[in-house]
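Trainee: I'm new to this structure and would love a close look at a single part. Could you take one helix and walk me through its surroundings?

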Amino acid sequence: MTNPQSPFVQPQPGEQPQPTQSPQTRQAKPIDEKLQKLVDKAFYANGSPTAQSLRNFLNGTWLGDPLHAAITDVPLGSWTAAMIFDLLDAIRHRRDLSTAADASITVGLVGALAAALAGLADWSDVDPPARRVGMFHGLLNLSATTLFATSLISRGNNRRNRGRLLSALGFSVTLAAARLGGQLVYQHRVGVDRTSGQTFPEDFVEVMAESALETNKATRAEYNGAPILLVRRADRVFAIAETCSHFGGPLSEGSLVGDSIVCPWHSSRFDLADGHVINGPAVHPQPCLEARIRDGKVEVRKPPVAASILD
Ligand code: FES
(Lines give C-alpha, C1' and ligand atoms only; values in the text may rest on other atoms or scores of the structure.)
Protein backbone atom coordinates (compact mmCIF):
# COMPACT_ATOMS: atom_id res chain seq x y z
CA MET A 1 0.00 0.00 0.00
CA THR A 2 1.35 3.42 -0.89
CA ASN A 3 2.33 5.14 2.32
CA PRO A 4 0.31 8.36 2.57
CA GLN A 5 2.55 9.66 5.36
CA SER A 6 5.93 8.76 3.95
CA PRO A 7 8.49 11.42 4.87
CA PHE A 8 9.75 11.09 1.29
CA VAL A 9 6.34 11.94 -0.14
CA GLN A 10 5.07 14.56 2.24
CA PRO A 11 7.52 16.92 3.91
CA GLN A 12 6.65 17.99 7.44
CA PRO A 13 4.84 21.34 7.79
CA GLY A 14 7.30 24.16 7.31
CA GLU A 15 9.90 21.92 5.65
CA GLN A 16 11.03 22.16 2.06
CA PRO A 17 10.55 19.07 -0.14
CA GLN A 18 13.71 16.91 -0.07
CA PRO A 19 15.85 18.09 -3.02
CA THR A 20 17.60 14.71 -3.18
CA GLN A 21 16.39 13.62 -6.59
CA SER A 22 17.65 14.65 -9.99
CA PRO A 23 15.24 16.13 -12.58
CA GLN A 24 15.35 12.75 -14.38
CA THR A 25 14.29 10.98 -11.17
CA ARG A 26 11.43 13.40 -10.69
CA GLN A 27 10.38 12.81 -14.27
CA ALA A 28 10.36 9.02 -13.85
CA LYS A 29 8.68 9.04 -10.43
CA PRO A 30 5.09 9.07 -11.72
CA ILE A 31 5.79 5.85 -13.63
CA ASP A 32 6.85 3.88 -10.55
CA GLU A 33 4.03 5.46 -8.58
CA LYS A 34 1.43 4.49 -11.16
CA LEU A 35 2.83 1.00 -11.44
CA GLN A 36 2.82 0.59 -7.68
CA LYS A 37 -0.81 1.67 -7.49
CA LEU A 38 -1.74 -1.01 -10.03
CA VAL A 39 0.19 -3.65 -8.08
CA ASP A 40 -1.43 -2.39 -4.85
CA LYS A 41 -4.86 -2.78 -6.36
CA ALA A 42 -4.17 -6.37 -7.36
CA PHE A 43 -2.55 -7.42 -4.08
CA TYR A 44 -4.93 -5.61 -1.72
CA ALA A 45 -8.10 -6.62 -3.63
CA ASN A 46 -10.28 -4.11 -1.78
CA GLY A 47 -9.17 -5.35 1.62
CA SER A 48 -10.20 -8.98 1.08
CA PRO A 49 -9.04 -11.25 3.97
CA THR A 50 -7.88 -13.86 1.43
CA ALA A 51 -5.69 -11.24 -0.25
CA GLN A 52 -4.27 -10.33 3.18
CA SER A 53 -3.41 -13.99 3.87
CA LEU A 54 -1.75 -14.28 0.47
CA ARG A 55 0.27 -11.11 1.10
CA ASN A 56 1.29 -12.40 4.55
CA PHE A 57 2.55 -15.56 2.87
CA LEU A 58 4.39 -13.72 0.08
CA ASN A 59 5.91 -11.11 2.42
CA GLY A 60 7.23 -13.86 4.71
CA THR A 61 5.30 -12.79 7.82
CA TRP A 62 5.04 -16.50 8.78
CA LEU A 63 8.79 -16.95 8.21
CA GLY A 64 10.03 -14.00 10.25
CA ASP A 65 12.18 -12.87 7.31
CA PRO A 66 11.42 -11.58 3.80
CA LEU A 67 10.41 -14.58 1.66
CA HIS A 68 11.66 -12.87 -1.51
CA ALA A 69 15.25 -12.75 -0.26
CA ALA A 70 15.16 -16.49 0.46
CA ILE A 71 13.61 -17.50 -2.88
CA THR A 72 15.97 -15.46 -5.08
CA ASP A 73 18.68 -18.01 -4.25
CA VAL A 74 16.79 -20.54 -6.40
CA PRO A 75 17.04 -18.77 -9.79
CA LEU A 76 20.47 -17.34 -9.00
CA GLY A 77 21.87 -20.72 -7.98
CA SER A 78 20.14 -22.68 -10.75
CA TRP A 79 21.18 -20.27 -13.49
CA THR A 80 24.75 -20.18 -12.20
CA ALA A 81 24.77 -23.99 -12.40
CA ALA A 82 23.37 -23.78 -15.94
CA MET A 83 26.26 -21.50 -16.95
CA ILE A 84 28.76 -24.02 -15.61
CA PHE A 85 27.04 -26.98 -17.30
CA ASP A 86 26.92 -25.02 -20.59
CA LEU A 87 30.62 -24.26 -20.35
CA LEU A 88 31.53 -27.90 -19.63
CA ASP A 89 29.22 -29.09 -22.40
CA ALA A 90 30.86 -26.71 -24.89
CA ILE A 91 34.23 -28.29 -24.01
CA ARG A 92 33.26 -31.96 -23.64
CA HIS A 93 30.11 -32.23 -25.82
CA ARG A 94 28.31 -34.56 -23.45
CA ARG A 95 24.56 -35.06 -23.53
CA ASP A 96 24.24 -35.38 -19.76
CA LEU A 97 25.80 -31.91 -19.37
CA SER A 98 23.41 -30.30 -21.85
CA THR A 99 20.49 -32.04 -20.10
CA ALA A 100 21.73 -30.74 -16.75
CA ALA A 101 21.98 -27.19 -18.15
CA ASP A 102 18.40 -27.35 -19.48
CA ALA A 103 17.10 -28.75 -16.18
CA SER A 104 18.89 -26.02 -14.21
CA ILE A 105 17.33 -23.32 -16.40
CA THR A 106 13.88 -24.86 -15.87
CA VAL A 107 14.28 -24.94 -12.08
CA GLY A 108 15.53 -21.35 -12.21
CA LEU A 109 12.45 -20.26 -14.17
CA VAL A 110 10.10 -21.77 -11.57
CA GLY A 111 12.11 -20.07 -8.80
CA ALA A 112 12.08 -16.76 -10.70
CA LEU A 113 8.29 -16.84 -10.94
CA ALA A 114 7.94 -17.43 -7.18
CA ALA A 115 10.55 -14.75 -6.41
CA ALA A 116 8.76 -12.28 -8.69
CA LEU A 117 5.45 -12.78 -6.84
CA ALA A 118 7.09 -12.33 -3.44
CA GLY A 119 9.09 -9.35 -4.70
CA LEU A 120 6.00 -7.65 -6.12
CA ALA A 121 4.18 -8.08 -2.81
CA ASP A 122 7.13 -6.44 -1.01
CA TRP A 123 7.48 -3.68 -3.59
CA SER A 124 3.83 -2.67 -3.28
CA ASP A 125 4.71 -1.34 0.21
CA VAL A 126 8.03 0.33 -0.56
CA ASP A 127 8.33 4.11 -0.38
CA PRO A 128 10.47 6.44 -2.49
CA PRO A 129 13.32 6.58 -3.31
CA ALA A 130 13.63 2.77 -2.96
CA ARG A 131 10.44 2.33 -4.96
CA ARG A 132 12.09 3.44 -8.19
CA VAL A 133 15.17 1.28 -7.62
CA GLY A 134 12.82 -1.63 -6.90
CA MET A 135 10.99 -1.04 -10.17
CA PHE A 136 14.24 -1.28 -12.18
CA HIS A 137 15.28 -4.33 -10.14
CA GLY A 138 12.00 -6.01 -11.12
CA LEU A 139 12.22 -4.99 -14.78
CA LEU A 140 15.76 -6.36 -15.06
CA ASN A 141 14.66 -9.63 -13.47
CA LEU A 142 11.73 -9.83 -15.87
CA SER A 143 14.13 -9.33 -18.81
CA ALA A 144 16.50 -12.00 -17.48
CA THR A 145 13.63 -14.47 -17.01
CA THR A 146 12.41 -13.80 -20.56
CA LEU A 147 15.92 -14.41 -21.94
CA PHE A 148 16.24 -17.70 -20.03
CA ALA A 149 12.76 -18.82 -21.16
CA THR A 150 13.63 -18.00 -24.79
CA SER A 151 16.94 -19.83 -24.34
CA LEU A 152 15.08 -22.94 -23.16
CA ILE A 153 12.81 -22.82 -26.23
CA SER A 154 15.84 -22.49 -28.52
CA ARG A 155 17.50 -25.46 -26.83
CA GLY A 156 14.31 -27.50 -27.34
CA ASN A 157 14.42 -26.59 -31.05
CA ASN A 158 18.00 -27.91 -31.38
CA ARG A 159 19.46 -24.41 -31.56
CA ARG A 160 21.78 -24.96 -28.63
CA ASN A 161 24.37 -22.31 -29.49
CA ARG A 162 21.66 -19.68 -29.73
CA GLY A 163 20.24 -20.98 -26.45
CA ARG A 164 23.62 -20.71 -24.76
CA LEU A 165 24.05 -17.14 -25.99
CA LEU A 166 20.60 -16.14 -24.74
CA SER A 167 21.15 -17.68 -21.31
CA ALA A 168 24.57 -15.99 -21.03
CA LEU A 169 22.84 -12.68 -21.77
CA GLY A 170 20.13 -13.53 -19.25
CA PHE A 171 22.74 -14.32 -16.62
CA SER A 172 24.44 -10.94 -17.15
CA VAL A 173 21.12 -9.17 -16.71
CA THR A 174 20.43 -11.26 -13.57
CA LEU A 175 23.70 -10.06 -12.05
CA ALA A 176 22.77 -6.44 -12.76
CA ALA A 177 19.37 -7.05 -11.12
CA ALA A 178 21.04 -8.69 -8.11
CA ARG A 179 23.24 -5.61 -7.69
CA LEU A 180 20.13 -3.42 -7.46
CA GLY A 181 18.63 -5.94 -5.03
CA GLY A 182 21.67 -5.48 -2.82
CA GLN A 183 21.29 -1.70 -3.08
CA LEU A 184 17.67 -2.01 -1.93
CA VAL A 185 18.74 -3.85 1.22
CA TYR A 186 22.08 -2.28 2.11
CA GLN A 187 21.40 1.30 1.03
CA HIS A 188 17.63 1.68 1.34
CA ARG A 189 17.22 -0.92 4.13
CA VAL A 190 14.25 -2.63 2.50
CA GLY A 191 13.51 -5.79 4.50
CA VAL A 192 15.78 -4.72 7.36
CA ASP A 193 14.33 -4.66 10.88
CA ARG A 194 14.00 -0.91 11.65
CA THR A 195 14.04 -1.55 15.38
CA SER A 196 17.49 -3.11 15.31
CA GLY A 197 20.03 -1.09 17.28
CA GLN A 198 17.43 0.31 19.67
CA THR A 199 18.26 -0.37 23.29
CA PHE A 200 15.79 -0.87 26.10
CA PRO A 201 16.35 -0.94 29.86
CA GLU A 202 17.40 -4.12 31.65
CA ASP A 203 15.71 -2.95 34.86
CA PHE A 204 12.49 -1.05 35.39
CA VAL A 205 12.86 2.67 34.59
CA GLU A 206 10.27 5.43 34.60
CA VAL A 207 9.21 6.56 31.13
CA MET A 208 6.10 8.56 31.96
CA ALA A 209 3.89 9.75 34.78
CA GLU A 210 0.86 7.53 35.26
CA SER A 211 -1.42 10.57 35.02
CA ALA A 212 -0.16 11.24 31.47
CA LEU A 213 -1.12 7.78 30.21
CA GLU A 214 -4.70 7.77 29.02
CA THR A 215 -6.67 4.54 28.86
CA ASN A 216 -7.20 2.95 25.41
CA LYS A 217 -4.94 5.43 23.64
CA ALA A 218 -1.70 4.67 21.79
CA THR A 219 0.91 6.80 23.57
CA ARG A 220 4.55 7.48 22.78
CA ALA A 221 7.20 7.44 25.49
CA GLU A 222 10.97 7.29 25.13
CA TYR A 223 13.94 5.60 26.73
CA ASN A 224 17.48 6.61 25.80
CA GLY A 225 16.33 7.86 22.39
CA ALA A 226 14.35 4.70 21.63
CA PRO A 227 10.61 5.40 21.24
CA ILE A 228 8.25 3.12 23.16
CA LEU A 229 4.56 2.54 22.49
CA LEU A 230 2.39 2.37 25.61
CA VAL A 231 -1.22 1.26 25.63
CA ARG A 232 -3.15 1.23 28.87
CA ARG A 233 -6.09 -1.10 29.22
CA ALA A 234 -8.33 -1.42 32.26
CA ASP A 235 -6.13 -4.02 33.93
CA ARG A 236 -2.84 -3.86 32.08
CA VAL A 237 -0.26 -1.65 30.39
CA PHE A 238 1.26 -2.90 27.13
CA ALA A 239 4.66 -1.70 25.93
CA ILE A 240 6.39 -2.46 22.63
CA ALA A 241 8.92 -0.63 20.45
CA GLU A 242 7.17 2.34 18.82
CA THR A 243 9.22 2.28 15.60
CA CYS A 244 7.55 -0.07 13.11
CA SER A 245 9.97 -2.85 12.19
CA HIS A 246 8.84 -2.66 8.54
CA PHE A 247 9.82 0.84 7.42
CA GLY A 248 10.02 2.82 10.67
CA GLY A 249 6.42 4.07 10.81
CA PRO A 250 5.27 5.71 14.09
CA LEU A 251 3.04 3.11 15.75
CA SER A 252 1.75 5.64 18.29
CA GLU A 253 -0.06 7.28 15.36
CA GLY A 254 -1.61 3.96 14.34
CA SER A 255 -5.01 2.48 15.14
CA LEU A 256 -5.81 0.20 18.04
CA VAL A 257 -7.69 -2.94 17.05
CA GLY A 258 -8.41 -4.95 20.19
CA ASP A 259 -5.07 -5.72 21.80
CA SER A 260 -3.15 -4.96 18.60
CA ILE A 261 -1.85 -1.88 16.80
CA VAL A 262 -2.06 -1.16 13.06
CA CYS A 263 0.79 0.89 11.59
CA PRO A 264 -0.36 4.13 9.91
CA TRP A 265 2.06 3.73 6.99
CA HIS A 266 1.44 0.32 5.38
CA SER A 267 -1.04 -1.28 7.81
CA SER A 268 1.18 -3.90 9.42
CA ARG A 269 -0.57 -5.17 12.54
CA PHE A 270 1.27 -6.18 15.71
CA ASP A 271 0.07 -7.98 18.83
CA LEU A 272 0.59 -5.69 21.83
CA ALA A 273 1.05 -8.61 24.23
CA ASP A 274 4.13 -10.10 22.56
CA GLY A 275 4.89 -7.90 19.53
CA HIS A 276 4.36 -10.65 16.96
CA VAL A 277 3.26 -9.71 13.46
CA ILE A 278 -0.41 -10.46 12.85
CA ASN A 279 -0.48 -8.94 9.36
CA GLY A 280 2.37 -7.81 7.12
CA PRO A 281 4.04 -6.33 5.19
CA ALA A 282 6.23 -6.35 8.33
CA VAL A 283 8.00 -9.65 8.89
CA HIS A 284 9.99 -8.83 12.04
CA PRO A 285 8.19 -8.73 15.41
CA GLN A 286 8.22 -5.60 17.54
CA PRO A 287 10.49 -5.82 20.60
CA CYS A 288 8.13 -6.30 23.53
CA LEU A 289 8.68 -4.83 27.00
CA GLU A 290 7.30 -5.43 30.48
CA ALA A 291 5.38 -2.47 31.84
CA ARG A 292 4.04 -1.67 35.30
CA ILE A 293 2.69 1.26 37.28
CA ARG A 294 4.48 2.04 40.55
CA ASP A 295 4.02 5.10 42.76
CA GLY A 296 2.30 7.07 40.02
CA LYS A 297 4.97 6.25 37.41
CA VAL A 298 4.85 4.08 34.30
CA GLU A 299 7.95 1.86 34.25
CA VAL A 300 9.24 -0.50 31.57
CA ARG A 301 12.04 -3.02 31.12
CA LYS A 302 13.05 -5.82 28.78
CA PRO A 303 11.48 -9.12 29.81
CA PRO A 304 14.26 -10.93 31.72
CA VAL A 305 14.01 -14.16 29.70
CA ALA A 306 14.06 -12.32 26.37
CA ALA A 307 16.68 -9.78 27.43
CA SER A 308 19.44 -11.41 25.38
CA ILE A 309 17.18 -11.69 22.32
CA LEU A 310 16.30 -8.00 22.40
CA ASP A 311 19.95 -6.93 22.47
S1 FES B 1 6.21 1.29 8.26
FE2 FES B 1 5.33 -0.08 6.86
S3 FES B 1 3.85 -1.09 8.01
FE4 FES B 1 4.79 0.18 9.42
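Mentor: Happy to; here is a walk along one helix and then on to its neighbours. Keep in mind that this is a predicted model.

Let's take helix 4, which covers residues 73–92. A good place to start is its length. At 1.5 Å a residue, the 20 residues of helix 4 should span 28 Å, and its end C-alpha atoms are indeed 28 Å apart, so the expected and the computed span agree. Just after the helix comes histidine 93, which takes a positive phi of about 50 degrees.

Now look at which residues of helix 4 are tucked away. Pro75, Leu76, Ser78 and Trp79 are buried, and so are Ala82, Phe85 and Asp86. And what covers these buried residues? The cover includes helix 5 (95–123), helix 6 (130–156) and helix 7 (160–186).

Two of those covering helices also pack against each other, and they are worth a look of their own. In general, a pair of packed helices is described by the angle between their axes and the distance between the axes. For helix 6 and helix 7, the angle is about 165 degrees and the axes are 8 Å apart. Angles over 145 degrees count as roughly antiparallel, and helix 6 and helix 7 are therefore roughly antiparallel to each other. Their crossing is left-handed.

So, to retrace the path on your screen: begin at helix 4, find its buried residues such as Trp79 and Phe85, and then move out to helix 6 and helix 7, which are among the helices that cover them.

Note on methods: Residues are numbered from 1 along each chain as its sequence is written. This is a predicted model: local features need pLDDT of at least 70, side-chain atom pairs count only at pLDDT 80 or more; totals for chains, interfaces and linings use all residues. Helices (H or I, at least four residues) and strands (E, at least two) are DSSP runs, numbered from the N terminus. The expected span of a helix is 1.5 Å times one less than its number of residues. A residue is buried if 20 or more other C-beta atoms lie within 10 Å of its own, exposed if 12 or fewer, and partly exposed in between; C-beta atoms are placed from the backbone. Two residues are in contact if their C-beta atoms, placed from the backbone, lie within 7 Å. Axes are lines fitted to C-alpha atoms, for helices over the stretch in contact, and angles run from 0 to 180 degrees between N-to-C directions. Angles under 35 degrees count as roughly parallel, over 145 as roughly antiparallel, 65 to 115 as roughly perpendicular and the rest as oblique. A crossing is left-handed if the near helix is turned anticlockwise from the far one by less than a right angle, and right-handed if clockwise.
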